[in-house]
Every structure is written in C-alpha cells, then in structure tokens.
Amino acid sequence: MANRFGIFALAAGTLFSSFTLPVLADSDLVNVYSARKEALIKPLLDKFEAETNIVVNLVTGNADALLKRLQIEGSASPADVFITVDAGRLQRAKDASVLQPITSKTLDAAIPAHLRDTDRQWYGLSQRARTIFYAKDKVDPAQLSTYEDLADPKWKGKICSRSSNNVYNQSLVAAMLEANGTEQTENWAKGFVKNFAKPPAGGDTDQLRAVNAGVCELTLANTYYFGRLANSSKDADKQLVNNVGVFWANQDDRGTHVNVSGAGVTKASKNKENAIKLIEFLTSPESQKWYAEVNSEYPVVAGSDVSSVLRDFGDFKADTVELSKLGENNRAAVELMDRAGWK
Ligand code: FE
C-alpha cells in the first residue's frame with residue numbers, strides 16, 4: 001500500500017508527461033488517507049471517480065498510525081484528504097497541524113454547525129449515537145433514563161464497559177464534562193466504574209455479546225455495531241438482536257450522545273480543489289444514504305434517507321453539543337477516567 005502513491009506520482013509526473021496523449025495531471029488526482037476500513041469508503045470513492053474522472057488513491061490504516069504518518073511526512077505528504085472517525089480524533093489531527101481550513105458553501109449549507117469544526121478544518125460525514133443497550137429479560141426500560149443514572153448503586157455488578165483508552169468513551173465523558181462540569185462527571189465516573197460486572201475488555205460488539213450472554217445487563221455501544229448484528233445472517237447475531245434492546249439516553253434533557261466520522265483537507269494537499277470536491281461528494285444525498293445502508297450510520301445532512309434497520313431503532317433526540325468541544329475536552333476526560341479507576 002505504501003508504494004501506491006510512489007507509483008502514481010511516477011506515472012503522472014514522469015512517465016506520461018513526455019507524451020502528448022491525455023495524461024493524469026496533478027489536477028486529475030486526489031490522495032486519501034482513511035482510517036475507515038476499505039469496505040466502508042472505497043465504493044463511495046469509486047463512484048466519485050466515475051462521476052468526476054478524478055482518480056482517487058486510497059491508503060487505509062489505523063487512525064493513530066495514519067495521523068502519525070501525516071505528521072512525519074509534513075509538507076511532503078502526498079495525502080490530500082484525511083478521513084477518520086470520532087470528533088476527538090479529528091480534533092487531534094487539527095491540533096497536530098496536519099489539516100487546513102477550507103471554504104465550501106456546499107459543506108456549510110449541508111452540515112449542521114455543531115457537526116463540523118468551528119475553524120472549518122474538519123467536517124462530519126456520518127453520525128453514530130452511543131447509547132444504552134440492555135438485556136430485555138432482566139431490565140425493564142422504564143428503569144432506564146440517563147447516562148448519569150448508570151452510576152446509581154442499583155446497577156452494581158450489572159454493567160459491561162469498554163476500556164477508557166477507547167476514544168468513544170473518552171468522547172462521551174468529554175460531552176458529559178461539557179454538560180455537567182468536572183466534579184459531577186468525576187463522581188459519575190467513579191460510581192459507573194463501581195457498577196462494572198468485570199474489568200473492561202474488548203470492543204463494543206464484545207460488550208453487546210456479554211449482555212446477551214448474561215455476563216451483565218447493560219452496556220454502552222455505538223449504534224452501528226448493533227446495526228451490523230441486525231444485518232447479520234448468523235443465528236447467534238439474530239438471537240442477540242432479539243434479546244438486547246436499544247434505549248435512547250437522556251431524552252428528557254440534552255439528548256443522546258452522538259459522534260461523527262469525518263474528513264478534512266490536509267495542510268500538505270497539492271490537489272486542494274479535488275479534495276474539497278471529494279468531501280462535498282460525501283455529503284451528497286446518495287453518499288449520505290450509503291452510510292445508513294452499509295454501516296447503519298445516521299446521515300449528517302438533514303432529510304436524508306435512513307435504512308430500515310435504523311428506522312427500527314426509532315427516532316431519538318440527539319445532543320447538539322458542538323463536537324469540537326469533545327476534542328477540546330479530550331485530555332481532561334482521559335485524566336478524569338484515570339482518576340476514577342476506569343481501566
Ligand atoms: Fe467503531
């Protein structure tokens with residue numbers, strides 16, 4: 001994968017430039033570093049390529065590794081667009097000075113202000129909610145209400161949780177810091193940790209499986225993990241989806257915590273116009289629908305279609321806290337979780 005840009009650069013810059021035949025000039029390219037798995041982005045990039053004749057070179061990898069790579073490459077980076085998940089990570093990219101502000105009336109009009117960076121360095125492209133999932137045979141949803149309530153001793157030994165080194169939980173805590181302040185959030189985290197059925201381990205799907213297996217009664221997970229299980233043809237997954245319920249947290253106050261996958265134009269971009277065009281394409285109605293259908297994510301553009309799986313989850317009120325705050329509060333959230341003993 002690492003060599004792909006090298007090969008394209010050679011093809012475009014050296015090999016073809018001496019011919020008069022149509023060539024791939026720089027203006028016909030856009031280079032993408034994506035922390036999203038290839039299956040969750042490539043088909044959209046292929047469509048973009050077909051519609052615009054702009055060749056998309058894709059490098060996929062681990063989010064933190066790609067960010068590090070952008071930093072090391074600096075102004076020599078071939079990347080034009082950085083795609084990653086979670087506002088916390090998008091903010092890290094901004095803080096690392098690997099992104100640049102862009103001007104796009106299309107993006108400003110399509111994406112609600114709280115789902116993009118205030119300095120226009122990154123834009124949310126799809127939304128995921130992080131909410132409460134419960135064992136239907138053990139928990140009456142009438143007992144559930146808010147994230148805050150999960151620190152109540154009535155849930156002692158009943159909660160499974162992913163570890164605190166995961167950015168999804170860090171962003172949830174960052175949102176709670178914004179809503180409730182440090183003292184209240186720290187007390188909450190301490191109570192929440194006391195309610196764990198076992199030490200944190202595994203990803204969101206592992207937590208959902210643990211709820212289904214009776215290891216615990218409740219967990220927090222991103223909605224698309226449950227959506228993937230709902231789309232699965234495996235009996236075990238179907239059974240899980242039957243046994244585990246979705247509960248929308250905090251409907252009577254600020255709303256359920258949501259986060260985004262998003263993208264920004266790199267500071268080193270040599271194909272800035274194409275980079276902006278690509279991000280705009282990802283907010284088109286057909287792209288927005290695709291996120292819902294393929295990965296059970298919610299669109300960022302109001303009025304876009306959602307899949308039948310998402311319709312089954314029901315409507316909910318989402319927290320509209322500015323997602324850039326999640327990045328700003330990330331360090332404080334990590335330190336707070338550490339003090340609370342959240343492993
Ligand atoms: Fe995920």
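Here is a short conversation about how some features of this predicted model get their names.

Author: Welcome! The model is predicted, so local features need pLDDT of at least 70 and side-chain atom pairs count only at pLDDT 80 or more, while totals for chains, interfaces and linings use all residues. Residues are numbered from 1 along each chain as its sequence is written, and side-chain values use heavy atoms, with hydrogens and water left out.

Reader: What makes cysteine 160 and cysteine 216 a disulfide?

Author: A disulfide is a pair of cysteine sulfur atoms within 2.5 Å. Here the S to S distance is 2.0 Å, so the pair fits the definition. A search of the whole structure finds 1 disulfide. Cysteine 160 sits in strand E6 and cysteine 216 in the loop between helix H8 and strand E7, 56 residues apart. Helices (H or I, at least four residues) and strands (E, at least two) are DSSP runs, numbered from the N terminus.

Reader: Which residues are the protein donors of the iron ion, and how do you know?

Author: Donors are N, O and S atoms within 2.8 Å of the metal (3.2 Å for Na, K and Ca); water is not among the atoms, so sites may look incomplete. The OH atoms of Tyr168, Tyr224 and Tyr225 lie 1.9 to 2.1 Å from the iron ion, so they count as donors. Along the chain, the donors follow the spacing Y-x55-Y-Y. Tyrosine 168 belongs to helix H6 and tyrosine 224 to helix H9.

Reader: Why is the contact of aspartate 204 and arginine 130 called a salt bridge?

Author: A salt bridge needs a side-chain nitrogen of Lys or Arg within 4 Å of a carboxyl oxygen of Asp or Glu. This pair has an N to O distance of 2.7 Å, so the name applies. Aspartate 204 lies in helix H8 and arginine 130 in strand E5, so the salt bridge ties together parts that are 74 residues apart in sequence.

Reader: Is aspartate 253 buried, exposed or partly exposed, and how do you know?

Author: Buried means under 20% relative accessible area, exposed over 50%, and partly exposed in between (1.4 Å probe, protein chains only). Aspartate 253 has 36%, so partly exposed is the right label. By contrast, both aspartate 204 and arginine 130 are buried.

Reader: What links Asp253 with Glu148, Arg254 and Asp319?

Author: These four residues are linked in a network of salt bridges. Within that group, the side chains of arginine 254 and aspartate 253 meet at 4.0 Å, N to O.
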